[in-house]
Amino acid sequence: MKQIPMLDLKLEYEYMKEDIDTAIKGCLEHQQWILGPEVKELEDKIAEHIGVKHCVGTSSGTEALILSLRALAMKLKGQEYFEKTNEIITTSFTFTATGDAILRSGATPVFVDINAGTYNMDTTKLREYLKSSDKVVGIIPVHLYGQACNMDEIMKIAKEYNLFVIEDVAQAFGGMWNSKKLGSIGDTGAFSFFPSKNLGGFGDGGMLATNDDKIEELARMIIKHGGKNKYNVEHIGYNARLDTLQAAILLAKFKHANEFNEKRRKIAQFYNEGLKNMNSIALGEALQDATHVYHQYTIRVLDGKREKVQGHLKNEGISTMIYYPVPLHKMEVFGKRAKVANNLTESEKATTEVLSLPMEPLLKEEDLEIIVREIKKALI
Ligand SMILES: Cc1ncc(COP(=O)(O)O)c(C=O)c1O
């Protein structure tokens, strides 16, 4: 039976094979595996692309979040880490790494609820919490599934309450809020180049984007053990550099980033058309001010029918995924270490209804037709 995967990285490799093979060969020839020329080239290209002064390559998106937090603790508080009494607000309906980075920075994560339509931070709930706590130091909005949070509102709130903003752009490379690229609006933007991301490498990788010279300086120190001279360091650091080889591959794939995001939007349009007005299916809300890059195309299956639909699609060879089955506040690691701002009804509800459909930019229309047809069949 024909299989339709969520993503087909082999197909994408074939599509860009020449560029990628040349990039890898270049590294084999120069052998500068650590902080080789491709890292700087990628940092400069992405900085220009998103419109920021600096980009710092990191070993993953998670590290880009942690480096952002650590650099902000140093800059704002003159400390290596935040304190437990420092609260940082994010959402519970995200990947573990967002909350985990806050814990690793020493602060306490506080989870606010999401909007039912966009799955992103509910700024009314954010305001509500800020009225009740004077311990909040920052916000990490997550541009989930590739759609921007309401950055006008978030930046306005941050200014009012004197908070820093770290954008979690792991899922939204190339996405925009009005005319601004995501990752360029907050104090920092943390990108992930995990293989399945809109711009993904052949292993782990990430990037920290910022307009702040001090944050860049600190991040460059912390990615290599905590100092400008790694044999005599000032800060508690990591080994968190982006590999030269990954940077070279990412440079080759970056050439296709806009084209692939456009293809993702076309696929989303097809799904939107095919699945509209269907009983038991709810489509996500696309905001006018946001340029969505559809890292995931996620629907809700209502009336307790998600498992039925997922099971039927599986039997027909169609992969689907549930991002995310457990909200962060229900995980053991966050249980005693995090706070819940208000009730997280929408986050909890989303975990029981969401279903992400195949989103391979090179997916053919005939495959999309099969997917839509089988979803309809599953609900008869
Ligand atoms: C929302 C979000 N934040 C952070 C991360 C962490 O990125 P990485 O896997 O590169 O560490 C991911 C992806 O995996 C993510 O989806």
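E216 counts as buried, because its relative accessibility is 16% and the cut-off for buried is under 20%. The model is predicted. E216 sits in helix α7, which covers residues 213-222.

What does the side chain of E216 pair with? A polar contact of 3.5 Å links it to the side chain of H54. H54 also appears among the contacts of E216 beyond four places in sequence, together with V56 and T210.

Now the chain as a whole. Its secondary structure comprises 13 helices and 14 strands. Helix α7, the home of E216, runs from residue 213 to residue 222. The C-alpha trace spans about 65 × 60 × 35 Å along its principal axes. How does the radius of gyration fit a compact globule? For 380 residues, such a globule would have a value near 21 Å; the chain has 21 Å, so the two agree.

Burial and contacts come next. E216 belongs to the buried residues, which make up 57% of the 380 residues in the chain. Of the contacts between residues at least 6 apart in sequence, 72% join residues at least 24 apart.

The table gathers values for surface and charge.

| Feature of the chain | Value |
|---|---|
| Accessible surface | about 16,300 Å² |
| Share of that surface from carbon and sulfur atoms | 50% |
| Positive side chains | 48 side chains |
| Negative side chains | 52 side chains |
| Distance between the centres of the two charge sets | 2 Å |

E216 is a Glu, and Glu counts as negative. The negative set holds 52 side chains, against 48 in the positive set.

Conventions
Residues are numbered from 1 along each chain as its sequence is written. This is a predicted model: local features need pLDDT of at least 70, side-chain atom pairs count only at pLDDT 80 or more; totals for chains, interfaces and linings use all residues. Side-chain values use heavy atoms; hydrogens and water are left out. Helices (H or I, at least four residues) and strands (E, at least two) are DSSP runs, numbered from the N terminus. The radius of gyration is taken over C-alpha atoms; the globule rule is 2.2 Å times the number of residues to the power 0.38. Buried means under 20% relative accessible area, exposed over 50%, partly exposed in between (1.4 Å probe, protein chains only). Contact means heavy atoms within 4.5 Å. Accessible areas come from the Shrake-Rupley method with a 1.4 Å probe; for residues, only the protein chains shown count as cover. The place of a charge is taken as NZ of Lys, CZ of Arg, CG of Asp or CD of Glu. A polar contact is a pair of N or O atoms within 3.5 Å; within protein, one must be able to donate a hydrogen and the other to accept it, and residues adjacent in sequence count only if both atoms are side-chain atoms.
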